[in-house]
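Me: I should like to examine how the descriptive terms applied to this structure are justified. Please set each value against its criterion.

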Amino acid sequence: MIKYLLLALLILVPVKLLAADVHYADIAPVIDGDPSDSAWSKASWVDMDQLMLGAQPDEQDFNGRYKLVWTENHLYLLAEITDDVLHDSHPDPLLNYWDDDALEIFIDEDASGGDHLYNYNAFAYHVALDNQAIDIGPFLSKADEKAGKRNVRAYPEHIYSRWKRSLEQPSLIYWEVKLSVFGDDYKDDNDKARPVKLKTGKTLGFMLAYCDSDHGPEREHFIGDVDIEPVNGDRNRGYIDAGVFGSIHLVK
């Protein structure tokens, strides 16, 4: 009887998948859009094939996958992106940044999940084609909160990014990112904020997605690596709820 009850619970209750292992890099990759660094040979590809918004693109329009490695000081990302049109129609980096081509990196330092829209419980960095990383921080004042004035800002101290087209396949780009991981105690006005030191055995919430804009003014597709359970039909939940992220486990 107990066996059947346990089986029923497994069917009815969503089960959090085990974290994917991310391996340590003895020599950190150089962030230059060149995927030939030896560190990447230790990592496995993760497909970006889960539709979060818009229509499912064909493989010529968008196709993506990525790898991760880590050192004590940084998490490193290599994304291999096929995108037939690279589009950036909003010249102001802080305006409608989600509607241009961009990598979106979701990270939750302590894998605690939960709301992070106007706080630093987790981050959702939009890394644009100009290599700037943009996210929404906490309201700067009670007056701003009452008026709904968002604190949209760049995070150069968190992200260093470079991408490069393939000479053989111009629609193929390699995008490398060096990420400093900050915890939920990060504050906008704290010049002394220090990133967390990474170590073997640490688990982080993580998800990667791509905003694909072919002609503007809005993105046509939003595709990531996690199958998100929709809320009222909406799968675009990562910028609000860190509970929809996947997770990664740091190993040697």
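Me: What makes Ala-111 partly exposed, as opposed to buried or exposed?

Reply: The model is a predicted one. In it, Ala-111 has a relative accessible area of 38%. Buried requires under 20% and exposed requires over 50%, so Ala-111, at 38%, counts as partly exposed. The residue sits in the loop between S6 and S7. Its phi is near 55°, a positive value in a residue other than glycine.

Me: Why is Asn-131 called buried?

Reply: The relative accessibility of Asn-131 is 18%. Because the limit for buried is under 20%, Asn-131 meets that criterion. Asn-131 belongs to the loop between S7 and S8, and its phi, near 70°, is again a positive value in a residue other than glycine.

Me: How do you know that Ser-213 is buried, and what does Ser-213 touch?

Reply: Ser-213 has a relative accessible area of 0%, and under 20% is required, so the term buried applies. Ser-213 is located in the loop between S12 and strand S13 (221-224). With residues up to four places away in sequence not counted, Ser-213 touches Val-85, His-87, Asp-99, Asp-100, Asp-101, Glu-218, Arg-219 and Glu-220.

Me: What makes the pairing of Ser-213 and His-87 a polar contact?

Reply: The side chains of Ser-213 and His-87 are joined at 2.9 Å. A polar contact needs N or O atoms within 3.5 Å, one able to donate a hydrogen and the other to accept it; the pair at 2.9 Å is therefore within that cut-off.

Me: Why is Arg-165 described as partly exposed, and which residues are in contact with it?

Reply: Arg-165 has 42% relative accessibility. Partly exposed covers the range between under 20% and over 50%, so 42% places Arg-165 there. Arg-165 lies in strand S10 (residues 159-165). Apart from neighbours within four places in sequence, Arg-165 is in contact with Leu-86, Pro-170, Leu-172 and Ile-173. A polar atom of the Arg-165 side chain lies 2.8 Å from the backbone oxygen of Pro-170. The C-alpha atoms of Arg-165 and Trp-98 are separated by 21 Å, the two residues being 67 residues apart along the chain.

Me: What makes Val-22 buried?

Reply: Val-22, in strand S1, has a relative accessible area of 4%. That value is under 20%, so Val-22 is buried. Leaving aside neighbours within four places in sequence, its contacts are Leu-68, Val-69, Trp-70, Leu-75, Ile-248, His-249, Leu-250 and Val-251.

Me: Which residues touch the most other members of the largest nonpolar core, and which elements give two or more residues to this core?

Reply: The largest nonpolar core has 38 residues, of which Leu-75, Leu-103, Ile-105, Ile-107, Tyr-125, Trp-175 and Phe-206 touch the most other members. Two or more residues come from each of strand S1 (20-24), strand S4 (62-70), strand S5 (75-83), S6, S7, strand S11 (172-179), strand S12 (203-212) and strand S14 (246-251). A second, separate core has 14 residues, including Ala-122, Ala-124, Cys-211 and Val-244. In soluble globular proteins, nonpolar side chains tend to be buried together.

Me: Why is the lining of the largest cavity counted as eight nonpolar residues?

Reply: The residues lining the largest cavity are Leu-68, Leu-75, Tyr-76, Leu-77, Ile-105, Val-177, Leu-179 and Phe-206. Because Leu, Tyr, Ile, Val and Phe count as nonpolar, the lining has eight nonpolar, no polar and no charged residues. About 30 Å³ of space lies in this cavity. S5 gives the largest share of the lining, three residues.

Me: How is the lining of the second largest pocket divided by class, and which residues are closest to the centre?

Reply: The second largest pocket holds about 220 Å³ of space. It is lined by 15 residues, the closest to its centre being Trp-98, His-126, Ile-136, Arg-150 and Tyr-239. By class, the lining has eight nonpolar, three polar and four charged residues. Among the closest residues, Arg-150 counts as charged because Arg belongs to that class. Strand S6 (102-108), strand S7 (123-128) and strand S8 (133-137) each supply at least two residues of the lining.

Definitions and conventions: Residues are numbered from 1 along each chain as its sequence is written. This is a predicted model: local features need pLDDT of at least 70, side-chain atom pairs count only at pLDDT 80 or more; totals for chains, interfaces and linings use all residues. Side-chain values use heavy atoms; hydrogens and water are left out. On a 1 Å grid over the protein atoms alone, a cavity is a set of points where a 1.4 Å probe fits but cannot get out, and a pocket is an open set with protein on both sides within 12 Å along at least five of seven lines; lining residues have an atom within 4 Å of a point. Grid points are joined across faces, edges and corners, and a volume is the space filled by probe spheres set on the points. Helices (H or I, at least four residues) and strands (E, at least two) are DSSP runs, numbered from the N terminus. A nonpolar core is a set of buried Ala, Val, Leu, Ile, Met, Phe, Trp, Tyr and Cys residues joined through side-chain atoms within 4.5 Å. Buried means under 20% relative accessible area, exposed over 50%, partly exposed in between (1.4 Å probe, protein chains only). Contact means heavy atoms within 4.5 Å.
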